[in-house]
Amino acid sequence: IILLHGGGGSRQNWHEVGYIDGAKDSFRVIAMDIRGHGESDKPIDKDSYTTDKLVQDILAVADYCKAKFFVLWGFSYGGNISRYLAAQSDRVVGSIIMGIPFGPGASDEFRTYIENMEDQWRPILRAQEDNTLDWDALSNEEQAVLEEGNPSLFLAWLSAILEWKAVIPSDLHSPALWLIGSENEVGALASLSEYQESLPNSVQVHVIDGLTHEQEFTEIDKVLPVMLEFTHAVSSGLAKD
């Protein structure tokens, strides 16, 4: 299994919540930091975050770990990325897509969020670069981000998503489990309504009652058994082949 964390997170999230402990007795588990996150390189130009480059990163990790075939578990940003690899490579024998819609990289609501972030932060970053930034004009939150975070970095990988092309369920080369919380607010349920009538048999849907987008990851007692059942079924089929 190769694990792909959510945006702004790291591979450590899978350890902290308990996914790795829950899966390691049955599977070889590989957790990686997506570029721009954790201990991976952090370029601040959006061209470094194309789907082609992100997909090649995953394959490079798989090659290094000698994983010829693997199942992807991807949450949020990681689930978004996993769609592109699952639509390109037969090395992906199954994928679990947690809490994100199909279609373009950024759905309508998420696209608006990213565009608003660009409108907010690009003038601030330009002023900072030109030494014309009025610190007192910033909100407390903006000051905290500049002091403790790296807005150029998150703006780079977020902005890149606006250019990611559409991937729909029928594009996937292998079985997939689409996990969605019933209180998800990032467009996954709307996407399910859009594609439900055209879903291929290879794409299973599991809607978990009461879970928000964050809880799709944190409520491990509700989601991990479903994920393990799917992964065991995929692995069993591969062994027979």
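Which residues of helix α8 are buried? In this predicted model, the buried residues of α8 are Ala188, Ser191, Leu192 and Tyr195, and because they cover an arc of only 105° around the axis, they sit on the same side of the helix. The briefing below begins with the sheet on which α8 packs, moves on to the helix itself and to the aromatic pairs, and closes with the polar contacts made by Asp33, Arg11 and Arg35.

**The sheet**

- The sheet is open and is built from six strands, which follow one another in the order β2-β1-β3-β4-β5-β6 with parallel pairing.
- Its edges are formed by β2, which spans residues 30-32, and by β6, which spans residues 203-208, and each of these strands pairs on one side only.
- From one strand to the next, the twist averages 15°.
- Strand β5, comprising residues 176-181, runs parallel to β6 and is joined to it by six bridges; in the pairing of these strands, Trp178 has Val205 of β6 as its bridge partner.

**Helices on the sheet**

- Helix α8, made up of residues 188-195, packs on the sheet and touches both β5 and β6, with its direction at about 130° to that of β5.
- The buried residues of α8 are the ones that pack against β5 and β6, whereas the face turned away from this buried side carries the exposed residues Ala190, Ser193 and Glu194.
- Helix α4, made up of residues 77-86, lies across β1 (2-4), β3 (70-75) and β4 (92-98), and runs at about 145° to β3.

**Aromatic pairs**

- The count of aromatic pairs in the model comes to 12.
- Phe75 and Phe217 form a tilted pair, with 5.0 Å from centre to centre and 35° between the planes; the pair links distant parts of the chain, since Phe75 belongs to strand β3 and Phe217 to helix α9 (residues 215-218), 142 residues apart.
- Both partners of this pair fall below the 20% limit that defines a buried residue, because the relative accessible area is 10% for Phe75 and 8% for Phe217.
- Tyr77 and Trp164 form a stacked pair, with 5.9 Å from centre to centre and 25° between the planes, and this pair too links distant parts of the chain, with Tyr77 in helix α4 and Trp164 in the loop between α7 (151-161) and β5, 87 residues apart.
- Tyr77 and Trp164 are both buried.
- Ring pairs also link Trp14, Tyr19, Trp73, Phe75 and Phe217 into a cluster.

**Asp33 and Arg11**

- Asp33 is found in the loop between β2 and α3, and with a relative accessible area of 8% it is buried.
- Neighbours within four places in sequence left aside, Asp33 is in contact with His5, Ser10, Arg11, Gly38, Glu39 and Ser40.
- The side chain of Asp33 is joined to that of Arg11 by a polar contact of 2.4 Å, and a polar atom of the Asp33 side chain also lies 2.8 Å from the backbone nitrogen of Glu39.
- Arg11 lies in the loop between β1 and α1 (12-17), and its relative accessibility of 22% makes it partly exposed, because the range between 20% and 50% is the one to which that term applies.
- The side chains of Arg11 and Glu39 are joined by a polar contact of 2.7 Å, and, not counting residues up to four places away in sequence, Arg11 touches His5, Ala31, Met32, Asp33 and Glu39.
- Computed along the sequence, so to speak, two separations can be set beside their distances in space: Arg11 and Gly38 are 27 residues apart and 7.1 Å apart from C-alpha to C-alpha, while Asp33 and Asp21 are 12 residues apart and 18 Å apart from C-alpha to C-alpha.

**Arg35**

- Arg35 is found in the loop between β2 and α3, the latter spanning residues 51-64.
- A polar contact of 2.6 Å joins the side chain of Arg35 to that of Asp57.
- When residues up to four places away in sequence are not counted, Arg35 touches Ser40, Asp41, Ser48, Tyr49, Lys53, Leu54 and Asp57.

Terms used: Residues numbered from 1 in each chain as written. Predicted model: local features only at pLDDT ≥ 70, side-chain atom pairs only at ≥ 80, totals over all residues. Heavy atoms only, no water. Pairing = 2+ DSSP bridges. Helix = DSSP H or I, 4+ residues; strand = E, 2+ residues; numbered from the N terminus. Axes fitted to C-alpha atoms, helices over the stretch in contact; angles between N-to-C directions. Contact = heavy atoms within 4.5 Å. Polar contact = N/O pair within 3.5 Å; in protein donor to acceptor, adjacent residues only side chain to side chain. Phe/Tyr/Trp six-rings, centres within 6.5 Å; stacked < 30°, edge-to-face > 60°. Buried < 20%, exposed > 50% of the residue type's maximum accessible area, 1.4 Å probe, protein only. Arc of directions from axis to C-beta.
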